[in-house]
Structure formats: structure tokens, C-alpha cells
Amino acid sequence: MLQVLLLILKILLWIILGLIGLVLLLLLLVLFAPIKYSADANMDENITVKAKIKYLIVSVLVNYNKNEKNVDTVIKIFGIPLKKKDKPD
């Protein structure tokens, strides 16, 4: 009877140890993942600014275009536009 209880306890402890290891692995992945970013700006008749930020797999793209009449800002995550603003200058 004691051996059965010790076997069950051993199995439970191995499961708990595995879960702690997975949580630790995910935590280290989030903490040590590189953040990549880039920006590009042009200034002639129009001001054009493009910025790109990547963290893990998520890709964020911000486009900001300004000309004489309006300002256009587009924010995209995975290529899907979230919000588009058109404001007169």
C-alpha cells in the first residue's frame, strides 16, 4: 500500500516538475527574444515615415504619410490594418 502511494506521489511530482520546466522555458523565451525595429523617412514635397517593429512572431507596421493637404496613418498587425486615420492638416 505504501509503495502504491509513493508511486502516485512520484508520478505527480514528475508532472509538476515538467509543468514548472515549461513555464520557465516560456518565460525565458519572452525575456530573451530580440526586438527588431527599423524606420525609414523621406522628406521632399511630402513627408513619409515608415516604422516596423517585430517581437517574437508578431509583426507591427506603422505607416505615416504627410503631404500638404492631409495626414495618413495606417497601423497593421500581421498585415491586417487596425485603424486608419485621415486628418486634414
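This briefing describes the overall fold, the surface patches and a few individual residues of one protein chain.

The model is a predicted one, and its secondary structure comes to one helix and five strands, which follow one another along the sequence in the pattern α-β-β-β-β-β. Of the 89 residues in the chain, 7% count as buried. The surface carries a nonpolar patch of about 1100 Å² as well as a patch of positive charge.

**Overall picture**

- The protein chain exposes about 8100 Å², and carbon and sulfur atoms supply 70% of that area.
- Among the contacts in the chain with a separation of 6 or more, 2% are accounted for by residues that lie 24 or more positions apart.
- The helix, α1, covers residues 2-32, and the strands that can be placed here include β2 at residues 47-55, together with β4 at 70-77 and β5 at 80-88.

**The nonpolar patch**

- The residues M1, V4, L5, L7, I8, I11, L12, I15, L19, L22 and L25 together make a nonpolar patch on the surface, with an area of about 1100 Å².
- One of these residues, L5, has its place in helix α1, which runs through residues 2-32.

**The positive patch**

- Four lysines, namely K36, K50, K52 and K54, gather on the surface in a patch of positive charge.
- Strand β2, made of residues 47-55, contributes the largest share of this positive patch, with three residues.
- K50, whose place is in strand β2, has a relative accessible area of 44%, and it is therefore partly exposed, since this value lies between the limits of 20% for buried and 50% for exposed.

**Other residues of strand β2**

- I53 is also found in strand β2, and its relative accessible area of 42% means that this residue counts as partly exposed.
- The C-alpha atom of I53 is separated by 6.7 Å from that of S38, although the two residues are 15 residues apart along the chain.
- V49 is another residue of strand β2, and it counts as partly exposed because its relative accessibility is 30%.
- Between the C-alpha atoms of V49 and T73, which are 24 residues apart along the chain, the separation is 9.6 Å.

**The loop between β4 and β5**

- G79 is found in the loop that lies between strand β4 (70-77) and strand β5 (80-88).
- With a relative accessible area of 55%, G79 is exposed, because this value is over the 50% limit that the term requires.
- The C-alpha atoms of G79 and L61 are separated by 7.8 Å, while the two residues are 18 residues apart along the chain.

Note on methods:
Residues numbered from 1 in each chain as written. Predicted model: local features only at pLDDT ≥ 70, side-chain atom pairs only at ≥ 80, totals over all residues. Heavy atoms only, no water. Patch = residues over 30% accessible without salt bridge, like charges linked within 9 Å, V, L, I, M, F, W, Y side chains within 5 Å. Areas by Shrake-Rupley, 256 points an atom, 1.4 Å probe, with all protein chains shown as cover. Salt bridge = Lys/Arg side-chain N within 4 Å of Asp/Glu carboxyl O. Helix = DSSP H or I, 4+ residues; strand = E, 2+ residues; numbered from the N terminus. Lys, Arg positive; Asp, Glu negative; His and termini not counted. Charge placed at Lys NZ, Arg CZ, Asp CG, Glu CD. Buried < 20%, exposed > 50% of the residue type's maximum accessible area, 1.4 Å probe, protein only. Contact = heavy atoms within 4.5 Å.
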